[in-house]
Amino acid sequence: MPKLEAEMARSLSLMLLSYAAHGLGTETLSGLGEITLRDGLVAAAAAVGARRQAAWIIEREHQPQDWNRGEVDLTVWRKRSKRMRWFCAAELKWWRKDDSNNASNRRAELMRDFIRAGAVYPRLLQPDKMAFVLLLSTKTSWSTTVARHDAGDAALCRHWKSAYGEQIWDIAVMRTCPAVRAAVRDLHGMGVQMPNIIHSRLAFSVCVRQQRSEPAVVRCWSVWKPQGSTFLNDAGVTQITAD
């Protein structure tokens, strides 16, 4: 992993961990909102830029020009040849609920973030860019949503649980997973051009716990669109989303 990518993954993850630690210490973790966490990502990215003496522009909730709705949680830009060019994007999820009834919705939302991260990062054409998906979760929420799941979304859960190596997400092959069909359907409505294959790697993970409290875990995946992959056309989307 490139040095800047590793540094950014670590900084973003530790910032989320610090919020979790504060929430555990003050017994306010359940009230922590994603808006606060997004602010933390801005501060974490700015800290990396400051250490490198780089003049970055950091934007929260940026909507790419070709999307008709939906925003990327964090986008970092820099000037090159008098033009602003993005080089880092991050999607964020915070799981604190552990009900099994909504576990499928949580998986679909996380899958949507993985596809969106791949959509903004064609690595072949822009090798200096990076995209992350960050998840802060309680241990119980992770167990209910991913670790104990062995039904329709089992293939996705195996990828999320893997701590080593590169994971390959073939969207067409995974169309049997309800979370994939739901994510593709939602993103198609947003006008997002979706890659047919994405790759991911767990870039950083860290855990915090305090006495008499369950652990909170931060996982940060690096996601990209690999060489040789294409984007789904309308027929491909229909094939995936058809019941």
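Helices (H or I, at least four residues) and strands (E, at least two) are DSSP runs, numbered from the N terminus. This is a predicted model, where local features need pLDDT of at least 70 and side-chain atom pairs count only at pLDDT 80 or more, while totals for chains, interfaces and linings use all residues. Residue numbers start from 1 along each chain as its sequence is written, and side-chain values use heavy atoms, with hydrogens and water left out.

**Exercise 1. Place Ser229 and work out its surroundings.**

Step 1: find the element. Ser229 is in the loop between strand S7 (216–224) and helix H7 (234–241).

Step 2: buried or exposed? Use these cut-offs: buried is under 20% relative accessible area, exposed is over 50%, and partly exposed is in between (1.4 Å probe, protein chains only). Ser229 has 11% relative accessibility, so it counts as buried.

Step 3: look for company. With contact meaning heavy atoms within 4.5 Å, and neighbours within four places in sequence left aside, Ser229 touches Asn196 and Ile197. A polar atom of the Ser229 side chain also lies 2.7 Å from the backbone oxygen of Pro226.

**Exercise 2. Classify the ring pair Phe114 and Trp169.**

Step 1: get the rule. Rings of Phe, Tyr and Trp (its six-membered ring) pair if their centres lie within 6.5 Å; planes under 30 degrees apart are stacked, over 60 edge-to-face, and the rest tilted. The structure holds six such aromatic pairs.

Step 2: apply it. The centres of Phe114 and Trp169 are 5.0 Å apart and the planes stand at 40 degrees, so the pair is tilted.

Step 3: see what it joins. Phe114 sits in helix H3 (residues 103–119) and Trp169 in strand S5 (residues 166–170), so this pair links distant parts of the chain, 55 residues apart. Phe114 and Trp169 are both buried.

Step 4: widen the view. Phe114, Trp160, Trp169 and Trp221 make up one aromatic cluster. Trp160 turns up again among the buried residues of helix H5 (residues 154–161), alongside Ala154, Leu156, Cys157 and His159. The cover over those buried H5 residues includes H3, helix H4 (139–147), S5, helix H6 (178–189) and S7.

**Exercise 3. Find charges that sit over rings.**

Step 1: set the test. NZ of Lys or CZ of Arg must be within 6 Å of the ring centre and within 35 degrees of the ring normal.

Step 2: list hits. The charged end of Arg78 is over the Phe87 ring, 4.1 Å from its centre. Lys225 has its charged end over the ring of Phe231, 4.8 Å from the centre.

**Exercise 4. Which strand gives the most to the lining of the largest pocket?**

Step 1: list the strands. Strand S2 (72–80) and strand S3 (83–95) each supply at least two residues of that lining.

Step 2: pick the winner. S3 gives the most, with six residues.

**Exercise 5. Check two residues with positive phi.**

Step 1: recall the background. Most residues other than glycine have a negative phi.

Step 2: take Glu27. Its phi is near 55 degrees, a positive value in a non-glycine residue. Glu27 lies in the loop between helix H1 (3–25) and helix H2 (34–51), and at 75% relative accessibility Glu27 counts as exposed.

Step 3: take Glu61. Phi of Glu61 is near 55 degrees too, again positive. Glu61 is in strand S1, and its relative accessible area of 33% makes Glu61 partly exposed.

Note on methods:
Polar contact = N/O pair within 3.5 Å; in protein donor to acceptor, adjacent residues only side chain to side chain.
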